[in-house]
Amino acid sequence: MSTNASPADPLATLGTLPDVADSVDSVRKAVDRVYGHRVMRRRSNEITSEAALRGARASAALSGADWALEEVRRRTDFGSEPEARTVGAALRLTAEAGQLLSIWRQSPLRVLARLHLVAASGSDAAEAVGRPRLSGESVDEPLIEAPAPGAAEVAGRLDGLAELIIRGSSAPALVTAAVVHGELLALRPFVSCNGLVARAAERIVLVGSGLDPKSICPAEVGHAEQGRAAYTAAFEGYLSGTAEGMATWIAHCGRSVELGVRESTAVCEALQRGAA
């Protein structure tokens, strides 16, 4: 993270950038609309479950396992080959994220370690699961081509990120979620599953902040719908550390939330038609 914000709240200034402010406003209106849908009053648990499934499928697709939704829905074996393990990891992370909301603001590093433990369960590199990588350990994250920081830099920046989360910020939830997501992609703190963990952490922030308390707006769907090329191009903006680049990344994350809202709105409409 490299911004010109004040040290007291380095995320707050990002929220005042014109493009970011517009994105924050657009996301809030979109979220409010889906929460106001008549189906949400009676069947919100079904919407939450469906959003979790679709979000997991989308996150796995970004990590190279682009399965059809119905294949994810019917499949029971997720340990037989690499793509299946990726989908299984995404599903486990989505389920686990909801259990970690109360811990996130007090101990984000503990949550990140738990997320990696869940994602990389059964990994051949068992000794590296659930902890940041050590000096000399390689990173398996084919989607992100930028050089990965060394272990010492990772440790320092993780501590900085944790401090920001624990201290809290007046920045909009979208800004915080995008920065958490971007920083974890930039650091790739674990030997594997970093993209999956970063997107799960984004979900935790969006839900825990109160923007999406029922977890019905899967940003992962929007990230996947915009495509891997757009995802990595927007991430380059985050890596630049410039205000313009950061705004591009945050706006991309905002658009992803809006597309997630559209997905859940379609689910609401389908349920409403079925009940008619």
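Lining the largest pocket are 27 residues, and those nearest its centre are Arg85, Thr86, Asp140, Ser192 and Cys193. Keep in mind that this is a predicted model. The space inside this pocket comes to about 690 Å³. Helix 5, which covers residues 82-97, gives the most to the lining, with 5 residues.

Now for the second largest pocket, at about 310 Å³. Its lining counts 19 residues, with Trp104, Arg105, Thr176, Val205 and Ser209 closest to the centre. Helix 9 (173-187) is one of the helices that supply at least two lining residues each, along with helix 6 (101-104), helix 8 (151-167) and helix 10. The largest share, 4 residues, comes from helix 9.

Here's how the two linings break down by class:

| Pocket | Nonpolar | Polar | Charged |
|---|---|---|---|
| Largest pocket | 12 residues | 9 residues | 6 residues |
| Second largest pocket | 13 residues | 5 residues | 1 residue |

One name from the second lining deserves a closer look: where does Val205 sit? Val205 belongs to helix 10, residues 194-208. Is Val205 buried or exposed? Its relative accessibility is 7%, so Val205 counts as buried, the cut-off being under 20%.

As for company, once neighbours within four places in sequence are set aside, Val205 is in contact with Trp104, Ala173, Thr176, Ala177 and Val180. Trp104 and Thr176 also turn up beside Val205 in the list of residues closest to the centre of the second largest pocket. Then there's Leu101: 104 residues separate Leu101 and Val205 along the chain, yet their C-alpha atoms are 8.3 Å apart.

Terms used
Residues numbered from 1 in each chain as written. Predicted model: local features only at pLDDT ≥ 70, side-chain atom pairs only at ≥ 80, totals over all residues. Heavy atoms only, no water. Buried < 20%, exposed > 50% of the residue type's maximum accessible area, 1.4 Å probe, protein only. Contact = heavy atoms within 4.5 Å. 1 Å grid on protein atoms, 1.4 Å probe; cavity = no way out; pocket = protein on both sides within 12 Å on 5 of 7 lines; lining within 4 Å. Points joined across faces, edges and corners; volume = space filled by probe spheres on them. Nonpolar A, V, L, I, M, F, W, Y, C, P; charged D, E, K, R; others polar.
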